[in-house]
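User: I would like to learn how to read the main features of a protein model, taking each general idea together with its case.

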Amino acid sequence: MNDRAGRRRARRLAIGTAVVLALAGMNGPWLYRFGTAKYHQYQINKPEYKAANGKWEIVRFPKEYRQNTIHAALLRTGKVLLVAGSGNNQDNFDAKRFDTRIWDPVKGTIKKVPTPSDLFCTGHTQLANGNLLIAGGTKRYEKLKGDVTKAGGLMIVHNENPDKPITLPAGTTFTGKEGGKTFVSKDPVVVERATKVFDKKTGKFLRNDPGLGRIYVEAQKSGRKYETGTQDNYRIRGLSGADARNTYGIAQKLALDKKDFQGIRDAFEFDPVAEKYIKVDPMKEARWYPTLTTLSDGKILSVSGLDDIGQLVPGKNEVFDPKTKKWTYTPKIRQFPTYPALFLMQNGKIFYSGSNAGYGPDNVGRDPGIWDVPSNRFTKIPGLSDAKEMETSGTVLLPPAQDEKFMVIGGGGVGESAQSSNRTRIVDLKADSPRFVDGPTLERGTRYPQASILPDDSVLVSGGSEDYRGRGNSNILQARLYHPDTNTFESVADPLVGRNYHSGSLLLPDGRVMFFGSDSLYGDAANTKPGVFEQRIEIYTPPYLYRDSRPSLSGGPQTIARGASGTFTSPQASVIKKVRLIRPSASTHVTDVDQRSIEMRFTVSGDKVKVTVPQNKNLVQSGWYMLFVDDDQGTPSKAQWVRVP
């Protein structure tokens, strides 16, 4: 236990003991009157309590500015981008009501921003120029089994012509050779030409491997009698000659089963200065629930998601070039569940923690490991406890980032499982043979935990629910500070609002933490009333902001290159003990692959603090950062924004 944590724990114990003694000496009626919410408020607002535990406060926007926030990102202006899209509300989707807000946590102002597409369940990441790249979203809401009226599903179109691709328009009709049932495509599809295969030794031609296209089809009429029960080959109406011979469809069961969400290809950069979306080249694949993460060369990798026919993208990952604004496929495929937690390592490879947010087979792409994207080699990392309960778990790069230790927090079983894990798991990627080991346990199994890095190197872990989407009133109103130096959790003040699915958190430049969203499936313990989306914002002020004073930081350059230094002014320079460069968050669905806290070397002379940016481009990706200094009590300054080119 470090001294700071020990002092706080002692203060909490003293406060709790005083409260117990006071109540024990009072009669029953007084205890009834004052042992209430008011008395609780009195206790948690005491200066000594806040100095030991911090404080939570609820922010309520005016009614006309409220929305179902699904995504949030801290912009380099210090404002927060709050994205709802249709906000998991099909009425909004049908009416094309797509929402975005910009909130200034300092001034308290909020602004509506025109939203060009349904960015519900999109992917996002910070770019080097300070813009936020946003890609994917919603084309169609899911349809539950009882709501599906027309049989439908996935049709795989084959093209055996090695000389040319073929394009089939929306409305193309497919008729089964065996069953004779007819289905119609909902969108156009381009089917690439076949690939000629030759014997590697003799050069002799062997066969044509057909080009493949995927398309959603449905019956022309409603009713169960139009379902198919087995695989069938399908003739394509309107084709003739060689096209008719070379092109055909194959589909498995086409039925009235549940139809999943469908994704879009749309991509945008959000400009934090102009405060507007700027359309860029669309992705090659439509994606709903994708992860975007920065690669070693500064390009952005887009992975996983449900495509435009509601199927998991079959391992076809792609890369965005911020210079050309174009997307290209990676040379090889690798499949992950949706919203996989992918982090750039200091050696340029990608770490996959196993955390994800749901869709995908339970036996494909679930193992954690290290992925070399160019070669497509994947090295599994052993030792993960509760390995079958990784959906809706959280992953955080523990500070300082140079140590390259990750913590995986909680999680649950695949799909709507009631199983949840109370484990934390830690892996040191700098070890000769990385292996997960268990960290301190949580009090309860926890899905959807939020984890935010603080400038004093602690990690705030809060919220979540024990069951899927908070079923059974299982929201967890607890918060803990994790201390990497001692590998311990420290209890702090409890949040006021439950947070589960569609919630998130991010560190603000003043050292506070903002929480948003929550989408409970039910609103009561009996699971009989529908849940209501949580639109309130909650702010946690950590204990370090209730001390007598905090260091200040001013002046200095706005741009510092890797390996270079910049000098800032602080009247408290003589007591500065840490300097941290923290990348701003972009959070959704328990996924925030952007946040990282980088240790900065520094020297002090008088009231000047000279800081040096590390040289490793994979550790310090190009972009905007918050620069914090911490004094000898662990109290951080407000952040200065610094750009690393």
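The dialogue below goes from the whole chain to single residues.

User: What kind of model is this, and which conventions apply?

Analyst: This is a predicted model, in which local features need pLDDT of at least 70 and side-chain atom pairs count only at pLDDT 80 or more, while totals for chains, interfaces and linings use all residues. Residues are numbered from 1 along each chain as its sequence is written, and side-chain values use heavy atoms, with hydrogens and water left out.

User: How many helices and strands does the protein chain have?

Analyst: Helices (H or I, at least four residues) and strands (E, at least two) are DSSP runs, numbered from the N terminus. The protein chain has 6 helices and 48 strands.

User: How should I read the radius of gyration of the protein chain?

Analyst: The radius of gyration is taken over C-alpha atoms, and the globule rule is 2.2 Å times the number of residues to the power 0.38. For 645 residues the rule gives a value near 26 Å for a compact globule, and the 27 Å of the protein chain agrees with this. Along the principal axes, the C-alpha atoms fill a box of roughly 90 × 65 × 45 Å.

User: What do burial and contacts add for the protein chain?

Analyst: Buried means under 20% relative accessible area, exposed over 50%, and partly exposed in between (1.4 Å probe, protein chains only). By this scale, 55% of the 645 residues count as buried. Contact means heavy atoms within 4.5 Å. Among contacts between residues at least 6 apart in sequence, 61% join residues at least 24 apart.

User: Which residues does L81 touch, and is L81 buried or exposed?

Analyst: L81 is in strand β3 (residues 80–85) and is buried, with a relative accessible area of 0%. Not counting residues up to four places away in sequence, L81 touches ten named residues, among them H71, L132, I134 and F270. By contrast in topic, a distance can be read for a pair as well: L81 and R366 are 285 residues apart along the chain, and their C-alpha atoms are separated by 31 Å.

User: Where do S417 and D548 lie, and is each buried or exposed?

Analyst: S417 lies in the loop between β31 (405–409) and β32 (424–428) and is buried at 16% relative accessible area. Leaving aside neighbours within four places in sequence, S417 is in contact with R447, D467, Y468 and R471. S417 and E389 are 28 residues apart in sequence and 9.2 Å apart, C-alpha to C-alpha. D548 is found in the loop between β40 (537–541) and β41 (565–569), and its 85% relative accessibility makes D548 exposed.

User: How are the charges of the protein chain arranged?

Analyst: Lys and Arg count as positive and Asp and Glu as negative, without His and the chain ends; the place of a charge is NZ of Lys, CZ of Arg, CG of Asp or CD of Glu. The protein chain has 92 positive and 68 negative side chains, and the centres of the two sets lie 2 Å apart.

User: How many salt bridges are there, and which parts does the pair K139 and D187 tie together?

Analyst: Side chains of opposite charge can pair when their charged atoms come close. A salt bridge is a side-chain nitrogen of Lys or Arg within 4 Å of a carboxyl oxygen of Asp or Glu, and the count comes to 30. K139 and D187 form one, with the closest N and O atoms 2.4 Å apart. K139 is in strand β8 (residues 138–140) and D187 is in the loop between β12 (182–185) and β13 (189–191), so the pair ties together parts 48 residues apart in sequence.

Analyst: Another salt bridge joins K578 and D457, with closest N and O atoms 3.3 Å apart. K578 lies in strand β42 (residues 576–582) and D457 in the loop between β34 (450–453) and β35 (459–462), so this pair ties together parts 121 residues apart in sequence. K578 is partly exposed at 24% relative accessibility, whereas D457 is buried at 10%. K79, K111 and E275 are linked in a network of salt bridges.

User: Which residues have a positive phi, and where is a cis peptide bond?

Analyst: Most residues other than glycine have a negative phi, and most peptide bonds are trans. E404, not a glycine, has a positive phi of about 50 degrees, and E404 is buried at 7% relative accessibility. Y448 has a positive phi near 60 degrees and is buried at 2%. A cis peptide bond joins P399 and P400, with omega about -10 degrees.
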